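Trainee: I should like to learn how such a structure is read, one feature at a time. Please give the general idea before each case.

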Amino acid sequence: EEEGEGMTHAELVTLAAAWLRKKHRVVITEMVGSVEIPDAIGFNGTNSTLIECKASRVDFLRDGKKWFRRQGPFGMGQERYYLAPPGIIELDELPGDWGLLEATPRGVRKVQAAQPRERATHYELSLLVTALCRIGGAIPDGSGVSVKYYTYTTKNTATLGVAADEAKA
């Protein structure tokens, strides 16, 4: 995959997950479990935020051709953002309700806020169920979610983080 400004897709996903963890109790990266494989998506009690990471302009342009991008109600994320190095994506190229985040040497900078959508999609629920099933299976005593951070490795590397105060639930 092409890269821009020296940032790889993997580095952008790491930045996106860290940014999401500031406001979301559950953060999932690159997990297969629904129609869409989100680069990073965060959930809290009231909303979900999707971040699609684009290391190159070509990748950004290709992303817009996906059927769930063209048919807005089907994509994940009540708030949707692209994260890219500066200069990869121009504001006037963003789909209607999307926001833009830029990767800087100091971290993630919000260029434009996303416009929240009304509700989550069933694809998000499918992804959450998949994540919970994977975590539940990872705990030998079957006691439920009791990890702060868990990595599930498949063809893609999927990660799931659970906030410490929720880990005892």
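Mentor: Let us begin with strand pairing: two strands pair if DSSP finds at least two bridges between them. Helices (H or I, at least four residues) and strands (E, at least two) are themselves DSSP runs, numbered from the N terminus. This is a predicted model, in which local features need pLDDT of at least 70 and side-chain atom pairs count only at pLDDT 80 or more, while totals for chains, interfaces and linings use all residues. Residues are numbered from 1 along each chain as its sequence is written, and side-chain values use heavy atoms, with hydrogens and water left out.

Trainee: Which residue of S6 is the bridge partner of Leu-101?

Mentor: Lys-110 is that partner. S5 and strand S6 (residues 107-112) run antiparallel and are joined by five bridges. The connection between S5 and S6 is a hairpin of two residues.

Trainee: In which sense do S4 and S5 pair?

Mentor: They pair in the parallel sense, over four bridges. Tyr-81 has Gly-99 of S5 as its bridge partner. S3 and S4 also run parallel, joined by five bridges, and Thr-49 stands opposite Glu-79 in S4.

Trainee: How many helices and strands does the chain have?

Mentor: There are four helices and eight strands. Read from the N terminus, the order of the elements is α-β-β-β-α-α-β-β-β-α-β-β.

Trainee: How should I read confidence in this model?

Mentor: The quantity to consult is pLDDT, the predictor's confidence in each residue, from 0 to 100. The chain averages 75, and 60% of the residues score at least 70. Over residues 142-150 pLDDT stays under 50; the model has 24 contacts (heavy atoms within 4.5 Å) beyond four places in sequence for them. Residues 164-169 also stay under 50, with eight contacts beyond four places in sequence.

Trainee: What share of the residues counts as buried?

Mentor: Buried means under 20% relative accessible area, exposed over 50%, and partly exposed in between (1.4 Å probe, protein chains only). Of the 169 residues of the chain, 45% count as buried.

Trainee: Why is S4 described as largely enclosed by the rest of the structure?

Mentor: In a regular strand the side chains alternate between the two faces of the sheet. S4 is largely enclosed because six of its six residues are buried. Glu-79, Tyr-81 and Leu-83 are buried on one side, and Arg-80, Tyr-82 and Ala-84 are buried on the other, so both faces are covered.

Trainee: Which elements give two or more residues to the largest nonpolar core?

Mentor: In soluble globular proteins, nonpolar side chains tend to be buried together. A nonpolar core is a set of buried Ala, Val, Leu, Ile, Met, Phe, Trp, Tyr and Cys residues joined through side-chain atoms within 4.5 Å. The largest one here has 16 residues, of which Leu-12, Ala-16, Ile-51, Cys-53 and Leu-83 touch the most other members. Helix H1 (9-21), strand S3 (48-53), strand S4 (79-84) and strand S5 (99-104) each give two or more residues to this core. H1 supplies the largest share, five residues. Apart from this core lies another, of 14 residues, including Phe-43, Leu-50, Met-76 and Leu-94.

Trainee: What does Leu-12 touch beyond four places in sequence?

Mentor: Leu-12 touches Met-7, Cys-53, Lys-54, Ala-55, Leu-83, Pro-85 and Ala-103.

Trainee: Where is Ile-89, and is it buried or exposed?

Mentor: Ile-89 lies in the loop between S4 and S5. It is buried, with a relative accessible area of 4%. Beyond four places in sequence, Ile-89 is in contact with Lys-54, Phe-60, Tyr-82, Ala-84, Leu-94 and Leu-100. Ile-89 and Arg-57, 32 residues apart in sequence, are 6.9 Å apart in space, C-alpha to C-alpha.

Trainee: How should I read polar side chains that are buried?

Mentor: One looks for polar contacts: pairs of N or O atoms within 3.5 Å, where, within protein, one must be able to donate a hydrogen and the other to accept it, and residues adjacent in sequence count only if both atoms are side-chain atoms. His-24, in the loop between H1 and strand S1 (26-29), is buried at a relative accessible area of 10%. Its side chain makes a polar contact with the side chain of Thr-49 (3.0 Å). Glu-52, in strand S3, is buried at 2% relative accessibility. A polar atom of the Glu-52 side chain lies 3.2 Å from the backbone nitrogen of Asp-39.
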